Each structure stands twice: as C-alpha cells, then as structure tokens.
Amino acid sequence: MGRAKAWLPWFGGRTLVEHVVERLRPAVDEVVVVTSADLDLPPLEARVVRDREPERGPLAGLRDGLAAVESDFAFVTATDAPFLTPAYVGAMLDRGVACAPVADGHVQVLSAVMPRAGAALAERLLTAGRARPLALLEALDFVAIDEGELDVGETPPWLGFNTPEAYLDAVRAEDPGAQCEVELLGRAATDGVPPVVTSPVGSLGDVLAHVTTGRELTLVEEDRVARAHLVSLGGRDLVRALGLPVGPGERVTVLDAQAGG
Amino acid sequence: MSGFHGRYLRIDLTQGVSDLRSLPEDVSCRVLGGVGLGTWLLLNESRAGFDPLSPEAPLVFAFSPLVGTGLTTSAKFAVVAKSPLTGFVCDALASSHFAIAGKRMGVDAIVVVGACAEPSEWVTGTLRPTGSWGRSAAETAAALASEGRVAAIGVAGERLVRYATISADGRHAGRGGLGAVMGAKRLKALVVDGDVETPVADRAALETRAEGLRRRAAGPATAKYRELGTVGNLLAFDRVGALPTRNFQASHFEGAERLAAERWRGERSHRRTGCAHCTIGCEQRYATTRGGRPDVRIEYESQFALGPLVGVDDPDAVLAASARCDALGLDTISAGGTLAFAMECRERGWLSEGPRFGDDVLPWLDRIASRDGFGDRLAEGSRRLAREIGGSAEDLAPQVKGLELPGYEPRALQSMALGFAVSSRGADHNRSSAYEADFSDTVDRLRGDARSVEAAVSAEDRAAALDSLVLCKFVRGAFDDLFAESAGMLAEVTGLAWTADDVQAVARRIVDLRRLGNEREGWRPSDDRLPRRFLEEPIASGPAVGARLPAARLEEMIRGYNRTRGYEDAGWVPRARREALEVELGLDFGACGGGGVDEA
C-alpha cells in the first residue's frame, strides 16, 4: 500500500480510522483501537491499546484488544472497512455468540463477533504456535453466517483493500467524482500556476499529470517526483513514488526539495 | 604549507598588547580553520570551568584556508567562545568581508583575552576608547568603515544579554551569546585590515575548480535559495505540521499564509542581495510597509521565531521585529524562543508580568537589549527563566543545553530531534542539518529510527567539514561528493595530498573535539535530551496531529548515535580516543568524562 491504512483519507475530511470509529460508535458501548507501539493515531473517541507483541502477528493484537474490552462480546474489525454500518455491527452483536460472515467461501475474520474470554484462548493458541485469527474463531466454535443471510447491499461491510488500486476503487465506489486538491508551494508556485488546483483522486502520478497538463511545470522525472520537488500527502507522508494513492479531499502539497535552512 | 599563515594574533585587552603566536602546522591540517581551528584555540587558551563572561575567557575569530580564494561563499569566519547561554563550547559563523580582511592581516585567527577598563574598540592594532558605545553594530561599522572591516556588537552585547550577536557587514554570528562575551570585555568593535596575500599552491587549478563551483552554484542546486530564500520554508513547514507555533504548543499556524514568502512577492517590494564573495545571492530583502524600501533582510529562522512562535501573523510586525533584533544585536531565534516561553508561562498564570501571545514584540526586544525591568529576566534566556519560575516550567522551555530551538518541530522531524539532542552547541540546525533527511523520502520523519541516526551523523560530519573549510552550507547541494571535492580544494590550496577520507577524518575530529570541550566544561549525558514537552505530549492538531516522540525512542536513537560515533553508550568519548586526540592536538582535556556516572 505504501501508506499507513489508518491515515488514508476517507470522505468528510476524516481519516479511515476516524471514519471506522465513527461507524462503530452508535452500535457499541465502547470502541477499543489496537495499534502498534510505533503508529501514531489522530485523536479518537476510542480507547487506544498498544499491541504488546506486534512481532507475533495479528492474533496477538486481537488478544490485547479482547483483553481490554469490558463487554462480554466485541465486534472485531480492521481499519480498512469503510463500508461498515452501525446496523450491520449491531445485528452481528445481537446474535450474542462468536460468529463471522462467510462470503465466497471465505470466513471474514475481521468482521466478526468474539467473546472477551477469547483473549485467554488467543494466548494459548499463540503459545502453541498458531498465530492466525481464524484459528481463534475456530477454537471459539464460531457460527458461520452465509452472506446471503445478511442484508448488506451491494458493497459488503467487510470489504477492505490491500493495494492502492483497491483503495481507489473503494473510494470511487463511494463517490465516482471524488476529488483531491493540489497546492503548489515554493518554486512550483512561481511558475504561474494557481496555488491550489483540484484533481480527480488517483495515483500520485495521475494527479500530478492532471495538474501539469497544459502548463509549463515539470513535476515528474524518471518515474519519480522531480528532484527539485518533494510531495506531501495529507501533510504527513513525504514521498516521491508516483504509485501511491491520493484519496478524497486530500491535500497534495508540492514542496521544494531543499526544504529547511 | 600554503593556505595558512601558521600564526594567530593574540590580543590581551587587559594589558593593551598584542602579539603573534605560531600555530603548529600539523594542528592546522588536523582541524583546518573556522570552527575547527576556533575550537582548538579556545581550548588551548583556557582552563576548565572558566566563566565565559570573565576577562580570562578567550574570544576567537577564526579564518580558514579557503578565505580569500575565488571559491564562492568562502568569505566566512567563525567566532568561537564558551557560550554564556549554554556554558558549553559555542561557535557561530558569519559571511563577511571581515573574513577576507582579517586573513589579509597575515594570521589564521585572532584570539581576544582580557577586558578593557572602559568601552573600547580595537582598530588594526590600536586599542582606543570607543565613541560608539550605545550604538548599533551597523552604526558602529559605518563610523569605522574607513579604517577597515568591522565586527561589532549592538546594545544587547554591551548589556550582556546571553543571546547577543556579533555583527559584520550586517550578518550575524548569531547563536549562543558570543556578543555578550565581547561585551563583557567592553570591546565594542574589532577592525581588521591588511595586505598580506595567502599563498596558494596551485592557483590555476583552484581557479578552474572555483569556476566550476560558481557555475554549479548558479544552477538548480541552489535555486531555492535564490528564488524565495529560506523564507520559502514557512508555508512548507506549516503544511507538513513542522512549524513551531506559540511556544511549540502547535505545529501549524493559522496565520501562516499571511507570512508566506510566496504571498509577499506579490504584495511588497523586494530585492535580492548576497554576502561577500557569494554567487548564490540568497538574501531576501523586503519592505516593512507596502510601498516602502526593501531594506529588511529576513530569513526563515527570524520569520518563524518572531511570527508563529510568538503568535504574530502581521508581516509588517515580523519584518520590523527582525530588523530590530539586527539593530540591537539579538539572536532572533533565542529572542523569539524566550519571548514565546514567557508568553506561555503568562498564559498559564506562572508569570504575573511579561508579554502575551500576539503582542507587538518590539517594546519587549528593546527591554531585553537594555535589560529594562522584566526584560532583564528575559535577557537570561528561556532555561534560566524557567529555573527561576520553578515547578515544571523547564519542561516547556524550548531549549537544549540552554540554546533555544530553531524552527523545526522535533516531533514532526525526528531525525532533527536527534540532531538537536546531541549537538554540542545545543538545539541547532546549522551544526546538524538532519532535517535534510526528514524532508526526503529516505526516513520516516514521524518515527525516528536507525536511518535517522545515520542521517544525523552524516549531516553533522558534512557540517563540520563545511564550517572548517569554510564554505556556506547553501552551496552543499552543488557537490556530488563533498569530501572528495573538498580534498581537491585543500590539495590545490595547501600543496599537500588530501583525500576524501582525510577531510571526513577532520570533520569527525572536530565533532569529537567539541564534545570533549563540552565534557571539560561539565557536560553530562543528561544534557543530550529534549525538554519533556516533546517527549510526553503528542502534537495536538494540524497535519502532524498525533505525532509522538516517546522518550524511549529518542533514547534509542541517542544510543545509536553514540555507538555510531564510537562513544560510550552514555555519550562519553572513550578514554583511548580522548588520549589520542590529546596527543594529536597537544591539548589537555583534564579529568573530564571517560565513563563518568550521570548524576543528573
């Protein structure tokens, strides 16, 4: 992906993690976000728990999250689940058992309900060398729910993404006309280009091509951002790779490469 | 050996005498000029634990092997002394004809010791009472211009403000309060002139090289400095959440666009000038009012420190404050940093008097320079003020080793955070330009790691080389291989064989030398730390919201830095290295460091 999923922009000026927390909150008593010790997060209306042993894989994070919840059952989701709805989460929790949807023959492990007591079971599985979250669901003797039983519409709430293209597909599924904006600073601003222009979302290469079309401005050289410049995505990631995705409402800022004294 | 005169001028103000003293050739080769030579002279001329404002304190003006050659940006000199702000070894550079004229006196450096009985000026060999006491450095220089090139202090230096500057040709040796060292000697001005040529071993080859460097320095590698100057940083820093605002309470300033150079270009008259013997021409001068004359030189550091850092978004006010600091002889970064700290303390109710965010700072700058009323407390810098306030105030004082932070938010630029922590001068962007890595795609600027360590060490080495040659850092982008090309320059100037490894060894020796100097003056491992605010508070808003620099992460980077440097884990220079340097440089570092226990 090349960018932290939690910080990818979604609609309404929110990051993906903010969006997902917002979708969860109406359906649950409390949201617990498990994250690695190193990943910063925006302020969230959620309790943040640090993954104690990220090197042991996602089941260790799941263990820490389940150990932190106060309810008997928790709905477990990944960050990249923008189509999650409170109704779906509430319906899943109302089942009162460990359960997960099955779509196209695949158990959607990260759109499941698990008991708080699963934390201890996860620890035993980890000790036994089993690190996959599915192992926990299986050990919990979960109820598999065929997606046909769920009223989830055309875009299933567990739909996630692992590539820039898939992320952009998800964005366009939500709004085919999604736009980002590009701000030109420093030397780029002196080339007669308006300081802020809009562009359809896409890869950084697509966005820069859109901005420079018809203008005497070189922002790309040899399949990278040109040496004279550096690009900030959303004010966080400083990048040169053109394949990175630019999301809805995101501010792309073109800086001078020699920023600093 | 060509390129050096092999001697320095030692002026004893107490006795009113001066004499020439020889410099060992091997020492010149091992530390070059500028900050390297200056630091060696400082340590050679002083005993451990001296008071930087006492008569015995040496004040060194060091030239360099490249001064006076045709190499662009080489007309720089270093001032080196023990800082009254930090208590550690401090060097500050300025670009000026003073460097050329000083070296044409036939010396590689001038060391000033002692103190005058009355305010005086030293003019090409004559010490005499000055008529310029109470005047600005610029006025003083104008009065003495017919007698030579002038380095002078302003009122702030006279009043021993701990962040007073020394000025030459309107440029300032700005950081660390070296103007107060000069003021404590009651020396208003040092005027130099001469006609001694520095021998150059291969002038033709050097001229060819100089022409090549001039051509490259006029190209894209320095375009940023020519076109917008460093003030082009402000909006860029704002957009990535790295612009220190309201004493580092935020890293994004709502008034940034009003202060943006991109906007100023369309709104106010502007002109571009350059330092002595420089073909880059980075100085950006603007009018303080629309329609006025473009006379105010401003750099990003002044713009940020007297703007966002103190909550001021009025460009006229920022330009006026920068001009006032220049006139008074105040380091803009420390002035802004100390004011901003006092403003936050006032906001928190820890101070019952003093400035508030958004205030017009001009009256406060005047009070600082004259030590009038509360200005007397501000003149001591943020760390001393914090200790006076007590409680947890020092957690919020924006300084490392007493030196106020420049305009780089360390939580959003974590390679730079490491550079701030370990720099011998204190929080500093000129001795450790690790921000270059942060503003690239080679490190994760929000999560410092081993790559940040490598970047910080490399940036420090390159800075030490440039600062001892001396060449301006703005030309650094024009080099494909700084060390190799520097070796070529030195070979042509000195007539000796130099390799890239030799130059890098000099740079590392200078880094070690400054650290050992600090150890001699009482450095402890706990001095290599950032204020607690940066380690405990995430950035609260703006593009870098949530960015954290946990203490454990910084400590890991510091350990990595120490290991990479070959220091002990706690940061002490190992005894074997210290003893080797003592032999190489003929210095005695005394009973410093060497595995001591950090008691702080």
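This report walks through a nonpolar core, a pair of packed helices and the contact between two chains. Keep in mind that the model is predicted.

Let's start with the core. In soluble globular proteins, nonpolar side chains tend to gather in buried places. Here the largest nonpolar core counts 277 residues, and the members that touch the most others are B:Val60, B:Ala109, B:Leu234 and B:Leu330. Helix α20 of chain B (residues 450-469) gives this core its largest share, 10 residues. Chain A joins in too: domain 1 (5-160) and domain 2 (177-256) of chain A both supply residues, so the core lies between them.

Want to zoom in on one member? Leaving aside residues up to four places away in sequence, B:Leu234 touches B:Leu243, B:Ala256, B:Leu259, B:Ala260, B:Ala261, B:Tyr300, B:Gln303 and B:Phe304.

Next up, two helices of chain B that pack together:

| Helix | Residues | Residues that meet the other helix |
|---|---|---|
| α7(B) | 203-217 | B:Ala205, B:Leu206, B:Arg209 |
| α21(B) | 482-494 | B:Gly488, B:Met489, B:Glu492, B:Val493 |

Their axes sit 8 Å apart, at an angle of about 150°. Angles over 145 degrees count as roughly antiparallel, and α7(B) and α21(B) are therefore roughly antiparallel to each other. Their crossing is left-handed.

Finally, how many residues of chain B are in contact with chain A? There are 35 of them, and they meet 27 residues of chain A. On the side of chain B that touches chain A, α8 (223-227), α9 (233-239), α11 (300-305) and α19 (435-438) each supply at least two residues. The largest share of that side, 4 residues, comes from α9(B).

Technical notes
Residues numbered from 1 in each chain as written. Chains lettered and ligands numbered in written order. Predicted model: local features only at pLDDT ≥ 70, side-chain atom pairs only at ≥ 80, totals over all residues. Core = buried A, V, L, I, M, F, W, Y, C linked by C-beta atoms within 7 Å. Buried ≥ 20, exposed ≤ 12 C-beta atoms within 10 Å, placed from the backbone. Domains from an automatic or database assignment. Contact = placed C-beta atoms within 7 Å. Axes fitted to C-alpha atoms, helices over the stretch in contact; angles between N-to-C directions. Parallel < 35°, antiparallel > 145°, perpendicular 65-115°, else oblique. Left-handed = near helix turned anticlockwise from the far one by under 90°.
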